[in-house]
Amino acid sequence: MITKNSTGANISAGFVTEAKRLVNRKPCAMVEFLWTDAVVDPLLSVESEDKNYNVIVAQGDVLKQVTDSIDRPTHEYIILDGSWVLDEGVKGLAPYTVQEVNENQIGWGSDSLSDEDGDFTTVPFPAITVNFDPAGRALTSLKVVGDSLLNEYPVNFTITVYSATGLIHTETVTGNTAVSWRKEISGLGINNAVKIKLEISKWSAANTIAKILEFFTVETDIFAGDEIVSLGILEERSVKNGSSPVGNISCNEIDLKLQNIKITASDGVTYFDPFSFGNSLNNRFYSFLKPNRKIIAYLGFKAGGVSEYVRMGTYWTVGDWRCNEIDFSASVTAYDRMKFLKDNTFECDEISLNLQNKNLKQVAEYVLNHAKNNIPLRDLVWDISDALESYTVPVVWFDKGSYFDAVKAIAEACVGQAWMSKDDVLCIYPEKVDGSETDLEITRDMYFDKNQPSNIEEMKNVVSVTAQPIRKEYEDEKPTVFDGTGYSIAAEAIETIIIEYGNAPVSESAATLLNESEPGVLSIIKVVYLSYGCKITVQNIADSTVTFDIQVKAWRWSYSGGSAVVTKDENLIAEYGAKEEKFENHLVQTTAGAQLIAAKLMANYSIPRRDLSITWRGDPRLELGDVVEVPEYKTSTAKFVVVKNRWSFDGGLECVTDARKVAE
């Protein structure tokens, strides 16, 4: 029996007993692979000849909702096909903006209507196609889900499966009565599917459109017990780099080694040498060993025939799988969701009234909503401390960089850290220095090694924080921030041109096309203005190539009147010599803000001997930010805030925990 828990939730008394057991403790590990994560799989796409009735103008990839494993609509939608009736139920408008598409589940809708008997009489029938990796993938089940809120579903439909060379399977269903239909097909041994197509000929309701919430099967496997050779997990909320660990966020990661002799997969089939390169014949795993395969890791204990696990985070594979013929193993490394924030560029909007006089919590929500809508990460969840509302940013802007860089700047500006929790929640909190409550006690018989280094290099007795106010440069007229020459666009083409200004952030930008070789045939059909540049989409309606120049005018913004706030501890300077911390962050723009940060840095980092590194037996319930109570000297104990855990499982369980001593 397996019990899976989120951290801190539904943990049994038996789990706690096993965690504290000093002899005959039975730790266990488990990893759950989601081989086909539609959210981040760049090779998965959805297409349909139907116009997705009444959401045709929706922005974002609404069709891909049929592959995201969310099989329930957000609302009963108002669909103008003649079937909608105003009643006491809660109705919703179809999503339109990218954000609305990301926050509302609607799926795919056909363009044609069923007749009074529910039949679709126009050929071709309503259809939707899901495209996979051109190299092919395993397919062990088929799934079709209708609208559960309206209790509508396809009655008669056909699913066709194709390989790169043609049709390989047809599934014809008549008389279906289930909103959620599923069929296992693992016995067919399909390992090379490149696309699947759904065609609907009869619907369960008359005179309405077809509504499909899900047409995709997420391939999953769970490995546990002897299938796991070793599992290493690194989770941290700060990184030591010789300076104060403020805002130094990083990607949590796992290193996983599985045995590569034989594996019994979720389809019930046993595969030999499952992860070996070249083993592609009838091998379920061969097409899955690629980047961005989703892993959920668990650690726990076994007692009385029951294995109880704590979720240790969600990760995505990077790089190559590594097969070792000597010890018959396969290894892979994976990082948490921060990897997507690090790998994607944050295109910050140009300065506007909407980005002025915001607190840091609002700034963080702006950045993360932008990531959710544009990476996209539809299931991105965050927990931002209300304490960030105490920090005001007069003018919000970010230079070209990643979302990770933007989150790091926000964490620095609140003297805090940002990290992914075990439950896959992005947390942004000021550094925790109090310890009013103890989350876990680590006794002397629970650890093997303990160090409390002085870490004098991290002690700061001189703190200098520079305020960086930014203001609009006033000139007689809007200056030119970009002059580009020699552009060309082919006949009857549409092209997007990306421009970077290379100077201060700007506002109220305006782009113009100049010196066209054939006047009157070019037009700007879309332009996105950013703080550091713009993206201009140009259309050419002529039947020949046209050359042109581009000019962009905008108001420039620059730093003006900045000053440094300096805080010192003369006694510590006399004892240790001057140890200075210089702090600059473009989100810290006021003297009051600089004073607040200087005071917090001095309070947090002016006292030496505040760190702990302990190697112990480990309890997976322990989370970043928890307060542990640890023996310090003889019978005394001290409290520490956890900033890093390095878990190691190889049949036994061990953890190295780094923590900072709480303020006394």
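This report describes a predicted model of one protein, from its overall dimensions down to single residues.

## Overall form

The protein contains seven helices and 46 strands. Its C-alpha atoms fill a box of roughly 90 × 80 × 60 Å along the principal axes. The radius of gyration is 29 Å, which agrees with the value near 26 Å for a compact globule of 664 residues. Of the 664 residues, 53% count as buried. The protein exposes about 29000 Å², and carbon and sulfur atoms supply 48% of that area. Contacts between residues at least 6 apart in sequence can be sorted by separation: 76% of them join residues at least 24 apart.

## Strand pairs

The table lists four pairs of strands, with the number of bridges and the sense in which the strands run.

| Strand | Partner | Bridges | Sense |
|---|---|---|---|
| β2 (residues 27-34) | β16 | five bridges | antiparallel |
| β29 | β30 (residues 425-430) | five bridges | antiparallel |
| β33 (residues 462-467) | β42 | five bridges | parallel |
| β38 (residues 522-529) | β39 (residues 533-540) | seven bridges | antiparallel |

Strands β38 and β39 form a hairpin, with three residues between them. Within this pair, V527 has I536 of β39 as its bridge partner.

In the pair of β2 and β16, M30 has A224 of β16 as its bridge partner. Strand β16 covers residues 220-224 and has two faces that differ in cover. D221 and F223 make up the covered face, while T220, I222 and A224 make up the uncovered one. In a regular strand the side chains alternate between the two faces of the sheet.

## The sheet β26-β30-β29

Three strands form an open sheet in the order β26-β30-β29, and their pairing is mixed. Strands β26 (381-384) and β29 (416-420) stand at the edges; each has a single partner strand, so one side of each is left without a neighbour in the sheet. From one strand to the next, the twist averages 10 degrees. Between β29 and β30, the bridge partner of A418 is I428 in β30.

Two helices pack on this sheet. Helix α4 (residues 360-374) touches β26 and β30, and its direction makes about 175 degrees with that of β26. Helix α5 touches β29 and β30, and its direction makes about 140 degrees with that of β29.

How many of the eleven residues of helix α5 (residues 403-413) are buried? Nine are, so the helix is largely enclosed by the rest of the structure. The buried residues are Y403, F404, A406, V407, A409, I410, A411, E412 and A413. An α-helix has 3.6 residues a turn, so residues three or four places apart point the same way. Just after α5, V415 takes a positive phi of about 50 degrees.

## The sheet β41-β33-β42

Another open sheet has three strands in the order β41-β33-β42, again with mixed pairing. Its edge strands are β41 (563-568) and β42 (580-584), each of which pairs on one side only. The twist here averages 15 degrees from one strand to the next. In the parallel pair of β33 and β42, V463 stands opposite E581 in β42.

Helix α7 (residues 591-605) lies across β33, β41 and β42. The helix runs at about 160 degrees to β33.

## The residue E236

E236 lies in strand β17, which covers residues 228-236. Is E236 buried or exposed? Its relative accessible area is 8%, and the cut-off for buried is under 20%, so E236 is buried.

Which side chain makes a polar contact with the side chain of E236? The partner is the side chain of K644, at 3.3 Å. Leaving aside neighbours within four places in sequence, E236 is in contact with S250, N252, W419, L624, V643 and K644. One of these residues, W419, falls within β29 (416-420), an edge strand of the sheet β26-β30-β29 described above.

Terms used
Residues numbered from 1 in each chain as written. Predicted model: local features only at pLDDT ≥ 70, side-chain atom pairs only at ≥ 80, totals over all residues. Heavy atoms only, no water. Helix = DSSP H or I, 4+ residues; strand = E, 2+ residues; numbered from the N terminus. Buried < 20%, exposed > 50% of the residue type's maximum accessible area, 1.4 Å probe, protein only. Polar contact = N/O pair within 3.5 Å; in protein donor to acceptor, adjacent residues only side chain to side chain. Contact = heavy atoms within 4.5 Å. Pairing = 2+ DSSP bridges. Axes fitted to C-alpha atoms, helices over the stretch in contact; angles between N-to-C directions. Rg over C-alpha atoms; globule rule 2.2 N^0.38 Å. Areas by Shrake-Rupley, 256 points an atom, 1.4 Å probe, with all protein chains shown as cover.
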